[in-house]
There are 2 protein chains.
Amino acid sequence: MTEIELTDVSAACATSLVGEPLTEEAAAELAHTMKALADPARLRLLSIVAASAGGEACVCDLTEPVGLSQPTVSHHLKVLTDAGFLSRAKRGTLAYYALVPGALDRVSRALGTA
Amino acid sequence: MTEIELTDVSAACATSLVGEPLTEEAAAELAHTMKALADPARLRLLSIVAASAGGEACVCDLTEPVGLSQPTVSHHLKVLTDAGFLSRAKRGTLAYYALVPGALDRVSRALGTA
DNA sequence: TCATGACATCGACAGTAGTCGATATTGACA
DNA sequence: TGTCAATATCGACTACTGTCGATGTCATGA
């Protein structure tokens, strides 16, 4: 595995897809970022977090809606956090996840021509 | 695998990610669409096609730039075509691929809040 | 009609990713 | 300190995916 450790959203979306041919590196970074979004469970987690009161939710709030085990939900949240889409705030024994403002918009702009 | 045969862009991007929680079906469709984009070779193919003269390119033009075998390139082009991002026009013995107008924009809008 | 060139499909293989149960970790609290 | 509850990590398994070489298909042109 060729580790791309800190591939987060801001790094991956510097250039636009349709402007000029992507370099190999730019394509790898953007693909890595999009892979984080290319999973139904993670998309649902993002949308549930976004729709939660206060814009944040803890793992225990998310397990039941998506119908997956707690380790699996934790795994998906880690993927989204590493990709820069979610932030994690631990308060007491609970871990609250929230959307990182602008992260989705950056990916959006990397794709769209408009 | 629960086949989603005709998952193309237009079906997958009806709702926005951050508006309200995605249904299981909407999440599956959008994830399927995004999976088509979540690969460095396919992103490069898209960008090369977009930047080609006349907005289209044949397989023989694409094999060398991405450094992959002809069958592999053909496979990626099929994935992108099935997902609704590329159109295929066969003229003589050559197959010309072109961006489907608005396809990327639809995904872009499904992600962004703006 | 036959050979050739462009592309698609097939079959196989290796690497990757989603999932879970079991377990470790961490903080709260009695 | 010991217990409990919430999360994270680990190990394993299965399924999927990217890749290739071999082969099939089809249109062109001699």
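**Notes on the predicted protein–DNA model**

1. Starting with DNA strand C: 22 residues surround this strand, and the closest are Arg42(A), His76(A), Ser74(B), Arg88(B) and Tyr97(B). Here "near" means that a heavy atom of the residue lies within 4 Å of the strand. Of the strand C atoms that come within 4 Å of the protein, 74% are accounted for by sugar and phosphate.

2. A word on ground rules. This is a predicted model, where local features need pLDDT of at least 70 and side-chain atom pairs count only at pLDDT 80 or more, while totals for chains, interfaces and linings use all residues. Residues are numbered from 1 along each chain as its sequence is written, chains are lettered from A and ligands numbered from 1 in the order in which they are written, and side-chain values use heavy atoms, with hydrogens and water left out.

3. Back to strand C and its polar contacts (pairs of N or O atoms within 3.5 Å; within protein, one must be able to donate a hydrogen and the other to accept it, and residues adjacent in sequence count only if both atoms are side-chain atoms). A side-chain N or O atom of His76(A) sits 2.3 Å from a phosphate oxygen of DNA strand C, and one from Arg42(A) is 2.7 Å from a phosphate oxygen of that strand. Ala95(B) uses a polar backbone atom, 3.4 Å from a phosphate oxygen of strand C.

4. Which elements give two or more residues to the surface near DNA strand C? They are α5 of chain A, plus α4 (59-66), α5 and β3 (94-99) of chain B. Helices (H or I, at least four residues) and strands (E, at least two) are DSSP runs, numbered from the N terminus. By class, this surface has 10 nonpolar, eight polar and four charged residues. In that split, Ala, Val, Leu, Ile, Met, Phe, Trp, Tyr, Cys and Pro count as nonpolar, Asp, Glu, Lys and Arg as charged, and the others, Gly among them, as polar.

5. Now DNA strand D. It has 22 residues around it, with Ser74(A), Arg88(A), Tyr97(A), Thr72(B) and His76(B) coming nearest. Sugar or phosphate makes up 73% of the strand D atoms within 4 Å of the protein, and bases make up the rest. Polar side-chain atoms of Tyr97(A) and Ser69(B) each lie by a phosphate oxygen of strand D, at 2.7 Å for Tyr97(A) and 2.9 Å for Ser69(B). Thr93(A) instead has a polar side-chain atom 2.9 Å from a sugar or linking oxygen of DNA strand D.

6. The protein–protein side: chain B and chain A bury about 2,600 Å² between them, 71% of it on carbon and sulfur atoms. Buried area is the accessible area (1.4 Å probe) that two parts lose on being put together, summed over both. Chain A puts 34 residues into the contact and chain B 34 residues, with contact meaning heavy atoms within 4.5 Å. Seven residue pairs are in polar contact across this interface (both at pLDDT 80 or more). On the side of chain B that touches chain A, α2 (24-37), α3 (40-51) and α6 (103-111) of chain B give two or more residues each. The residues on that side divide into 22 nonpolar, five polar and seven charged.

7. How many salt bridges link chain B and chain A? The count is zero, where a salt bridge is a side-chain nitrogen of Lys or Arg within 4 Å of a carboxyl oxygen of Asp or Glu. Over all chains there are four. One example is Asp82(A) with Lys78(A), at 3.2 Å from N to O. These two are about one helical turn apart, because Asp82(A) and Lys78(A) are four residues apart in helix α5 of chain A.
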